[in-house]
Amino acid sequence: MSKSVIGELLETNQRLALDRKPNSQVSAQGLLKWKKATFGIFIHWGLSAHKDLSGGYQGVQYDTLAEWVPFAAQIPMSEYKQLAQSFNPSEFDAQRVAQLAHDTGMRYMVFTAKHHDGFAMYHSKAHPFNITTATPFARDPVRELSEACQEQGIGFGLYYSHVIDWESQDACTKSYNSWDYDISQGNYQSYWKNKSLAQMEELASSYGELTSMWFDMGGFDLQTESEHVAKTNELIQRLRHHQPNMVINSRITSPEREHLIDWDIVTGHDNYMEPTKIKPWFWEGIATTNDSWGFNRYDQNPKRARDVINQLCTVVSRGGNFLLNIGLDHLGRVPQEIEQLLAGVGDWMQAHGNAIHECYANPFNGGFDWGCVTHNPETRTLYFILPRLPEHQLISLKGLNNAVCSARFMDDNTGRVGVLQQKVSDTTTHTQLTIQAPEQAFSMPQVIEVCYDGELSINNEVHQDRLYQVYLDGQNCYEARQGDKHYQWQFHVTVPGRYDVSLRSTESMHHKQPRWVHHGKRGIVRCAGSEQAFSLTMNELTESNAQVPWKDVLSHLATIEIEQPGVYTLDLNGIELSIDESDKYGSDMVNFESLTIKPSAH
Ligand code: GLC
């Protein structure tokens, strides 16, 4: 490994405030290449896209992810195998798919080489239940896609369901094929050795350099901890031997065993953008383009380009890569509405790609209520991404100590940006960007490109509050004690008066049924000598178009009276927020984004 690459990676880590996981074994080149690709396409495709399946079976529509229909419908494996005989996706065109990814601004691909149904989407010599051997189609999509990606200059990676496999009677796991097989008769070792491991070795050794191997549901293997750890780390070693530059994701194992396994990157929750606190490790946000991963013929719910772009920007500003999924249909086509959606994202990327590619996390020690920030240290550019016109047409940055050389909208037609910088102390400069732009320009997110002079220097001691509004988030939390659910922030008030405290959380509404799990949670706000109990209610939903499975929820917590200018402490007690480094926030935790303290509307 060359010295400069290690140097670059270390430097990158420092700039990103990200750590390489101590037991990660991917080469520095591989990790950096994956990180720099930043935006990728996930492709779910398999036998479950068959025209007699894809969301339903034998006249019954299943309210589950399309690739889980064989499980929900408990289709006997003998019957499922027969379906393979009429699976002929003759319109599949790998070059077209790779071109589409490229034109959308995506720089790597992850394709389902085998999903939970056990059907391999490549020519496997280890097992005959594969698209080349078992269908009239008889081609090898993995080969075709790997070649097409190479032509387009984009990275190629593979999803492989290593644990769950409904075809194999020996795959004794959680969510196994209980309708055909008796779990007590299964021999997991045999499945593991003869199918799973054998196929993964085939994949790692036959399709050139892979960007990533993407695992899923690794915690479902029903093995003891020591068996699981030995087996999984041995798998990683074997794969590493063929692919030293390939990143391996955390879903190879379960959250409880993550620290024992040598994976490289964290996989976010499905359709969830992670809280404000930037993950300490390299991570990837994943999202659907509608309500399913695999193609579902009943799904008429494509997201809007604007929502996808906001997700992309949010993830990148938090240090992640973004992997956006599409499902191919029974003929191997990209559904028309998804192609249109990607064209919208591609148009935006054409003008704003520099705000995404090779960009790293928001370098400020806090989030902003007007949008998010990405950073390219190489070109000394900060990108301010604005989903809407900022209030008062103003962005105020405290503690950016570099001289701003230029600030302009990436799309020149949007409007104009003025810059005012003022040194407020020896160590701190304040910068104000004033914006002249019409509201209509923000039908799509707009980006201000700010070039600075010298090495980036930010005084992160100061909070990014502005006007009389205080914006507190996970990164400037003064004290957090998870055990007794206690959090504390300090903030500065210059103008006395009545202030409303509200909490903003990002809620994953999952795939279909929107639900708000935190309703009714109770807590106490203490500030300026007063103590107020609250019960969480959803006061406002933003970015809600009933199509996006994650939404911003605003909950009013309290109104506080501040009599004197000064520094105050706000104490929040009683509810658990996901602001620490853990990603184990389940439905019990409020997926916290920020607290705002604004002049009272009441
Ligand atoms: C879930 C589903 C799976 C899908 C994956 C994508 O784990 O089980 O079907 O492939 O999410 O993240």
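For these notes I count Ala, Val, Leu, Ile, Met, Phe, Trp, Tyr, Cys and Pro as nonpolar, Asp, Glu, Lys and Arg as charged, and the others, Gly among them, as polar. I am working from a predicted model.

**Entry 1. Ligand shell**

I began with the residues around the ligand and sorted them by class. The shell divides into 6 nonpolar, 3 polar and 4 charged residues. It holds 13 residues, and the closest are His44, Glu67, Trp68, His115 and Asp270.

I then looked up the polar contacts of the ligand oxygen atoms. For Glu67, I recorded 2.5 Å between an N or O atom of the side chain and an oxygen atom of the ligand. For His44, the corresponding distance from a side-chain N or O atom to a ligand oxygen is 2.6 Å. For His115, a polar side-chain atom lies 2.8 Å from an oxygen atom of the ligand. On its own the ligand has 310 Å² of accessible area, and the protein covers 95% of it.

**Entry 2. Aromatic pairs, starting from Trp68**

Trp68 is among the closest residues to the ligand, and I followed its ring outward. I noted a total of 26 aromatic pairs in the model. In the pair of Trp68 and Phe71, the ring centres are 5.2 Å apart and the planes stand at 85 degrees, so I entered the pair as edge-to-face. Trp68 has 14% relative accessibility and is therefore buried. Phe71, at 24%, is partly exposed, because buried requires a value under 20%.

Phe71 also pairs with Trp179: the centres are 5.7 Å apart and the planes stand at 75 degrees, so this pair is edge-to-face as well. I checked where the two residues lie. Phe71 belongs to helix H3 (residues 69-72), while Trp179 is in the loop between strand S5 (155-160) and helix H8 (188-206). The pair thus links distant parts of the chain, 108 residues apart. Trp179 counts as buried at 18% relative accessibility.

I also recorded one aromatic cluster, formed by Trp45, Tyr80, Phe87, Phe92, Phe119 and Phe129.

**Entry 3. Charges over rings**

I next looked up lysines placed over aromatic rings. The charged end of Lys231 sits over the ring of Trp192, at 4.2 Å from the ring centre. The charged end of Lys174 sits over the ring of Phe220, at 5.1 Å from the ring centre.

**Entry 4. Side chains reaching backbone oxygens**

Which backbone oxygen does the side chain of His162 reach? I found that of Ile252, at 3.2 Å. His162 lies in the loop between S5 and H8, and its relative accessible area of 2% makes it buried.

I made a similar entry for Ser555, placed in strand S25 (residues 550-562). Its side chain reaches the backbone oxygen of Thr537 at 3.3 Å. Ser555 is buried, with a relative accessible area of 0%.

**Entry 5. Helix H2**

Is helix H2 mostly covered or mostly exposed? I noted that H2 (residues 28-37) is mostly covered, with 8 of its 10 residues buried. The buried residues are Ala28, Gly30, Leu31, Leu32, Trp34, Lys35, Lys36 and Ala37. I remark that two lysines, Lys35 and Lys36, appear among them. Thr38 follows H2 and has a positive phi, near 65 degrees.

**Entry 6. Two C-alpha separations**

I closed with two residues that have a C-alpha partner elsewhere in the sequence. Lys485 is in the loop between strand S19 (479-481) and strand S20 (486-493). At 31% relative accessibility, Lys485 is partly exposed. Its C-alpha atom is separated by 7.7 Å from that of Leu577, although the two residues are 92 apart along the chain.

Glu151 lies in helix H7 (residues 141-152). With a relative accessible area of 59%, Glu151 is exposed, because the value is over 50%. I recorded 8.4 Å between the C-alpha atoms of Glu151 and Gln95, which are 56 residues apart along the chain.

How values were computed
Residues numbered from 1 in each chain as written. Predicted model: local features only at pLDDT ≥ 70, side-chain atom pairs only at ≥ 80, totals over all residues. Heavy atoms only, no water. Phe/Tyr/Trp six-rings, centres within 6.5 Å; stacked < 30°, edge-to-face > 60°. Buried < 20%, exposed > 50% of the residue type's maximum accessible area, 1.4 Å probe, protein only. Helix = DSSP H or I, 4+ residues; strand = E, 2+ residues; numbered from the N terminus. Lys NZ or Arg CZ within 6 Å of the ring centre and 35° of its normal. Near = heavy atom within 4 Å. Polar contact = N/O pair within 3.5 Å; in protein donor to acceptor, adjacent residues only side chain to side chain. Areas by Shrake-Rupley, 256 points an atom, 1.4 Å probe, with all protein chains shown as cover.
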